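Take a walk through this fold, from its overall make-up to single residues. Keep the model open as you read.

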Amino acid sequence: MTRDDTDYERRRLEALDRYGVLDSPREQSFDEIAQLAADICEVPIAVVNFVGEDRQFFKAEVGLGVRETPLETSFCAKAI
């Protein structure tokens with residue numbers, strides 16, 4: 001990571017912390033978004049997730065059955 005990348009990542013994690021979304025309870029609106037995504041894409045699994053420092057937290061999920069996974073096994077880690 002370059003210095004700019006490191007600063008961006010720090011700011012991203014700080015913003016995520018300010019929102020207080022990690023480990024928050026399920027919310028119907030997010031569940032509906034995940035279900036809509038699964039229906040539109042005709043897939044059995046869809047998620048709305050937030051990527052923390054070492055894990056991804058699923059605010060909503062359809063067909064997965066878990067609320068988080070380690071970041072090291074996540075496709076999202078590659079995007080960040």
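Of the 80 residues in this predicted chain, 29% are buried. The accessible surface comes to about 5800 Å². Carbon and sulfur atoms own 55% of that surface. Charge is uneven in number: there are 10 positive and 17 negative side chains. The centres of these two sets lie 5 Å apart.

Next, the layout. The chain has 3 helices and 3 strands. Read from the N terminus, the order is α-α-β-β-β-α. The C-alpha atoms fill a box of roughly 40 × 25 × 20 Å along the principal axes. How much of the contact set links residues 24 or more positions apart? Among contacts with a separation of 6 or more, the share is 43%.

Start with the two helices that open the order. Helix 1 covers residues 3-19 and helix 2 covers 28-41. The loop between them holds Ser24 and Asp23. Is Ser24 buried or exposed? Ser24 has a relative accessible area of 12%. The cut-off for buried is under 20%, so Ser24 counts as buried. Beyond its sequence neighbours up to four places away, Ser24 touches Phe57, Lys59 and Arg67. Phe57 and Lys59 fall within strand 2, residues 55-62.

Asp23 presents another picture. Asp23 is exposed, at a relative accessible area of 52%. Its backbone also deserves a look. Most residues other than glycine have a negative phi. Asp23 has a positive phi of about 65°, although it is not a glycine. Glu42 is a further case, with a positive phi of about 55°. Glu42 sits in the loop between helix 2 and strand 1. Its relative accessibility is 74%, so Glu42 counts as exposed.

Now the strands. Strand 1 spans residues 46-51. A hairpin of 3 residues joins strand 1 to strand 2. The two strands pair in the antiparallel sense over 6 bridges. To find the register, look at Val47, which stands opposite Glu61 in strand 2. Strand 2 also pairs with strand 3, residues 68-70. This pairing is antiparallel too, with 3 bridges. Here Arg55 stands opposite Pro70 in strand 3. The hairpin of strand 2 and strand 3 has 5 residues between the strands. In that hairpin, Gly63 takes a positive phi near 80°.

How many of the residues of strand 2 are buried? The count is 8 of 8, and the strand is mostly covered.

What fills the core? In soluble globular proteins, nonpolar side chains tend to be buried together. The largest nonpolar core here has 6 residues: Ala34, Ala38, Ala46, Val48, Ala60 and Val62. Helix 2, strand 1 and strand 2 each give two or more residues to this core. Val62 shows how the pieces meet. Leaving aside neighbours within four places in sequence, Val62 is in contact with Ala34, Gln35, Ala38, Pro44, Ile45 and Ala46. Of these partners, Ala34, Ala38 and Ala46 belong to the core as well.

Turn to the loop between strand 1 and strand 2, where Glu53 is placed. At 67% relative accessibility, Glu53 counts as exposed. Glu53 still has partners far along the chain. Not counting residues up to four places away in sequence, it touches Leu13 and Leu71. The C-alpha atoms of Glu53 and Ala77 are separated by 9.7 Å, and the two residues are 24 apart along the chain.

That leads to the C-terminal part of the order. Helix 3 covers residues 76-79, and Cys76 is in it. Which residues does Cys76 touch, not counting those up to four places away in sequence? They are Asn49, Val51 and Gln56. The C-alpha atoms of Cys76 and Arg55 are separated by 9.7 Å. These two residues lie 21 apart along the chain. Is Cys76 buried or exposed? Cys76 falls in between: its relative accessible area is 23%, so it is partly exposed.

How values were computed
Residues are numbered from 1 along each chain as its sequence is written. This is a predicted model: local features need pLDDT of at least 70, side-chain atom pairs count only at pLDDT 80 or more; totals for chains, interfaces and linings use all residues. Side-chain values use heavy atoms; hydrogens and water are left out. Helices (H or I, at least four residues) and strands (E, at least two) are DSSP runs, numbered from the N terminus. Buried means under 20% relative accessible area, exposed over 50%, partly exposed in between (1.4 Å probe, protein chains only). Contact means heavy atoms within 4.5 Å. Accessible areas come from the Shrake-Rupley method with a 1.4 Å probe; for residues, only the protein chains shown count as cover. Lys and Arg count as positive and Asp and Glu as negative; His and the chain ends are not counted. The place of a charge is taken as NZ of Lys, CZ of Arg, CG of Asp or CD of Glu. A nonpolar core is a set of buried Ala, Val, Leu, Ile, Met, Phe, Trp, Tyr and Cys residues joined through side-chain atoms within 4.5 Å. Two strands pair if DSSP finds at least two bridges between them.
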